[in-house]
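Here is a briefing on one protein chain. Look over the sequence and the model, then read the points below.

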Amino acid sequence: MKTELEKMRSREEYYFDGGEVEQSIVRAQDLCRRLSAMTISDEGYRAIIEQLIPGIPASSVVCPPFRCDHGHGILMGQNVFVNYDCVMLDGGHIRIGDNVKIGPGCHIYTPQHPVDHVERREPKETALPVTIGADTWLCGHVTVCPGVTIGERCIIAAGSVVVRDIPDDCLAAGNPAVVKKRLGGK
């Protein structure tokens, strides 16, 4: 039988109260709290960010303050820059390609609560992964919703809310974000 954490990573409905899911959240909250008192040049910064986001490349930077649910659900490529005040709710995996720039105040969500209002009273949800392709730039205050894939070499304009997939080489903007034009590509 799968654990609630295994269900979470498998896009199945899971309970987030108690047990290992709650322990994972508490661990991340502690690390985020410690990180929020630092700058990227502080002596202990790298040790804490590597505990929070295992496998983060040395070439990638996350500027505090930063918040996430677990940290171990964030899979980050080389040379990624995450600016201040970002939130990544990583019940489902958040895959970020190489050379991605994430502007200040961006939010990336994977949790999806039940549609039925009675079911929503329970501490359960599903988590749909998010993927951000290589060489993409999320401008400030972009929101990426559960299950979305943003292609490579994209620009998502400031303040946009991405609710559906965006193909490679596109500039998208708005709420909901729509493709405004094709970009040059490789």
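In which strand is threonine 149 found? Threonine 149 sits in strand β15. The model is predicted. The chain has three helices and 19 strands.

**Overall build**

- The protein chain holds three helices alongside 19 strands. Its radius of gyration is 16 Å, close to the 16 Å that the globule rule gives for 186 residues, so the chain is as compact as a globular protein of that length.
- Along the principal axes, the C-alpha atoms fill a box of roughly 50 × 45 × 25 Å.
- Buried residues make up 45% of the 186 in the protein chain.
- Take the contacts between residues at least 6 apart in sequence: 28% of them join residues at least 24 apart.
- The accessible surface of the protein chain is about 9000 Å². Carbon and sulfur atoms account for 53% of that surface.
- The protein chain carries 20 positive and 24 negative charges. The mean positions of the two sets lie 6 Å apart.

**Threonine 149 and glycine 147**

- Threonine 149, in strand β15, counts as partly exposed at 33% relative accessibility.
- Beyond its neighbours within four places in sequence, threonine 149 is in contact with Thr131, Asp165 and Ile166.
- Threonine 149 and proline 129 are 20 residues apart in sequence. Their C-alpha atoms are 8.4 Å apart in space.
- Glycine 147 lies in the loop between β14 (143-144) and β15 (149-150). Its relative accessible area is 37%, so glycine 147 is partly exposed.
- Not counting residues up to four places away in sequence, glycine 147 touches Leu128, Pro129, Val130 and Asp165.
- Asp165 is thus on the contact list of glycine 147 and on that of threonine 149.
- Glycine 147 and leucine 89 are 58 residues apart along the chain, with 12 Å between their C-alpha atoms.

**Aspartate 135 and arginine 153**

- Aspartate 135 is in the loop between β12 (130-132) and β13 (137-138).
- Is aspartate 135 buried or partly exposed? Aspartate 135 is partly exposed, with a relative accessible area of 44%.
- Leaving aside neighbours within four places in sequence, aspartate 135 contacts Asp98, Asn99, Val100, Arg153 and Cys154.
- The C-alpha atoms of aspartate 135 and isoleucine 155 are separated by 9.0 Å. These two residues are 20 apart along the chain.
- Arginine 153, one of those contacts of aspartate 135, lies in the loop between β15 and β16 (155-156).
- Arginine 153 is buried because its relative accessible area is 18%, and buried means under 20%.
- Phi of arginine 153 is positive, near 60°, in a residue other than glycine.

**Further backbone features**

- Asparagine 79 also has a positive phi, about 60°, although it is not a glycine.
- Asparagine 79 lies in the loop between β4 (74-76) and β5 (81-82). With 36% relative accessibility, asparagine 79 counts as partly exposed.
- Which residues does the cis peptide bond with omega of about 0° join? That bond joins proline 64 and proline 65.
- Proline 65 is located in the loop between β2 (61-62) and β3 (66-68).
- The peptide bond from asparagine 175 to proline 176 is cis as well, with omega near 5°.
- Proline 176 belongs to the loop between β18 (170-174) and β19 (177-182).

**Cysteines**

- How many disulfides does a search of the whole structure find? The search finds zero.
- Cysteine 106 is in no disulfide. The nearest cysteine sulfur belongs to cysteine 86, and it is 5.0 Å away. The cut-off for a disulfide is 2.5 Å between sulfur atoms, so this pair does not count as one.
- Cysteine 106 is buried, with a relative accessible area of 1%.
- Cysteine 139 is in no disulfide either. Its nearest cysteine sulfur is that of cysteine 106, at 7.9 Å.
- Cysteine 139 is buried too, with a relative accessible area of 11%.

Definitions and conventions:
Residues are numbered from 1 along each chain as its sequence is written. This is a predicted model: local features need pLDDT of at least 70, side-chain atom pairs count only at pLDDT 80 or more; totals for chains, interfaces and linings use all residues. Side-chain values use heavy atoms; hydrogens and water are left out. Helices (H or I, at least four residues) and strands (E, at least two) are DSSP runs, numbered from the N terminus. Buried means under 20% relative accessible area, exposed over 50%, partly exposed in between (1.4 Å probe, protein chains only). Contact means heavy atoms within 4.5 Å. The radius of gyration is taken over C-alpha atoms; the globule rule is 2.2 Å times the number of residues to the power 0.38. Accessible areas come from the Shrake-Rupley method with a 1.4 Å probe; for residues, only the protein chains shown count as cover. Lys and Arg count as positive and Asp and Glu as negative; His and the chain ends are not counted. The place of a charge is taken as NZ of Lys, CZ of Arg, CG of Asp or CD of Glu.
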